[in-house]
Amino acid sequence: MFQNLAGNALRYAETTIIISAGVRKGNAFVSVEDDGHGIPEADREKVFIPFSRLDDSRTRASGGYGLGLSIVSRIAFLMVV
Ligand SMILES: Nc1ncnc2c1ncn2[C@@H]1O[C@H](COP(=O)(O)OP(=O)(O)OP(=O)(O)O)[C@@H](O)[C@H]1O
Ligand SMILES: [Mg+2]
């Protein structure tokens, strides 16, 4: 999970990423933030679909498979169940 979230953040950040963790209302959380262009509100469901990449450019330097966030969301789901 962290490898993918931090990898994404490093790829898109302008200068800075912030990784934090804590407990809020009895629930543990981890947060990975970056100061890049972000994910438009309308695409926030789409990025969890396997093989979906917003820039659709697997060959560029930013290239990945679009699988990371779908795996991250499954791992997170299995942790809460
Ligand atoms: N921190 C971010 N800032 C901006 N866009 C992001 C960020 N994280 C993810 N995205 C967008 O969501 C898409 C899906 O992310 P995901 O991690 O699933 O795939 P990937 O990083 O492209 O490839 P993979 O993780 O399989 O190597 C990315 O291609 C990108 O378009
Ligand atoms: Mg990724």
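**Loop, hairpin, ion site and pocket**

S52 is buried, with a relative accessible area of 17% (buried is under 20%, exposed over 50% and partly exposed in between, with a 1.4 Å probe and protein chains only). The model is a predicted one, in which local features need pLDDT of at least 70 and side-chain atom pairs pLDDT 80 or more, whereas totals for chains, interfaces and linings use all residues. Residues are numbered from 1 along each chain as its sequence is written, chains are lettered from A and ligands numbered from 1 in the order of writing, and side-chain values use heavy atoms, with hydrogens and water left out.

On the overall layout, the chain has two helices and two strands (DSSP runs numbered from the N terminus, H or I of at least four residues for helices and E of at least two for strands). Going along the sequence, they come in the pattern α-β-β-α. The chain has 81 residues, and 17% of them count as buried. As for contacts (heavy atoms within 4.5 Å), 26% of those between residues at least 6 apart in sequence join residues at least 24 apart.

Back to S52, which sits in the loop between β2 (27-34) and α2 (68-80). Its side chain reaches the backbone oxygen of K46 at 2.6 Å, a polar contact (N or O atoms within 3.5 Å; within protein, one able to donate a hydrogen and the other to accept it, with sequence neighbours counted only if both atoms are side-chain atoms). Leaving aside residues up to four places away in sequence, S52 touches K46, V47 and G66.

F48 is found in the loop between β2 and α2 as well, but this residue is partly exposed, at 39% relative accessibility. With residues up to four places away in sequence set aside, F48 touches L69, S70 and S73. The last of these lies 25 residues from F48 along the chain, yet the two C-alpha atoms are separated by 7.0 Å.

The two strands, β1 (residues 17-24) and β2, pair in the antiparallel sense over eight bridges (pairing takes at least two DSSP bridges between the strands). Bridge partners include I18 with E33 of β2, and V23 with A28 of β2. Two residues separate the strands of this hairpin, where K25 takes a positive phi near 50°. Of the eight residues of β1, zero are buried, so this strand lies largely in the open.

Over in helix α1, the OD1 atoms of N4 and N8 coordinate the magnesium ion (ligand 2) at 2.2 to 2.3 Å (donors are N, O and S atoms within 2.8 Å of the metal, or 3.2 Å for Na, K and Ca; water is not among the atoms, so sites may look incomplete). Because N4 and N8 are four residues apart in α1 (residues 2-12), about one helical turn separates them. N8 is buried, at 18% relative accessible area.

N8 turns up again at the largest pocket, which has a volume of about 730 Å³. A total of 27 residues line this pocket, and the closest to its centre are N8, Y12, I39, V47 and L69. The elements giving two or more residues to the lining are α1, β2 and α2, with the largest share, six residues, coming from α1. A pocket here is an open set of points on a 1 Å grid over the protein atoms alone, where a 1.4 Å probe fits, with protein on both sides within 12 Å along at least five of seven lines; lining residues have an atom within 4 Å of a point. Points are joined across faces, edges and corners, and the volume is the space filled by probe spheres set on them.
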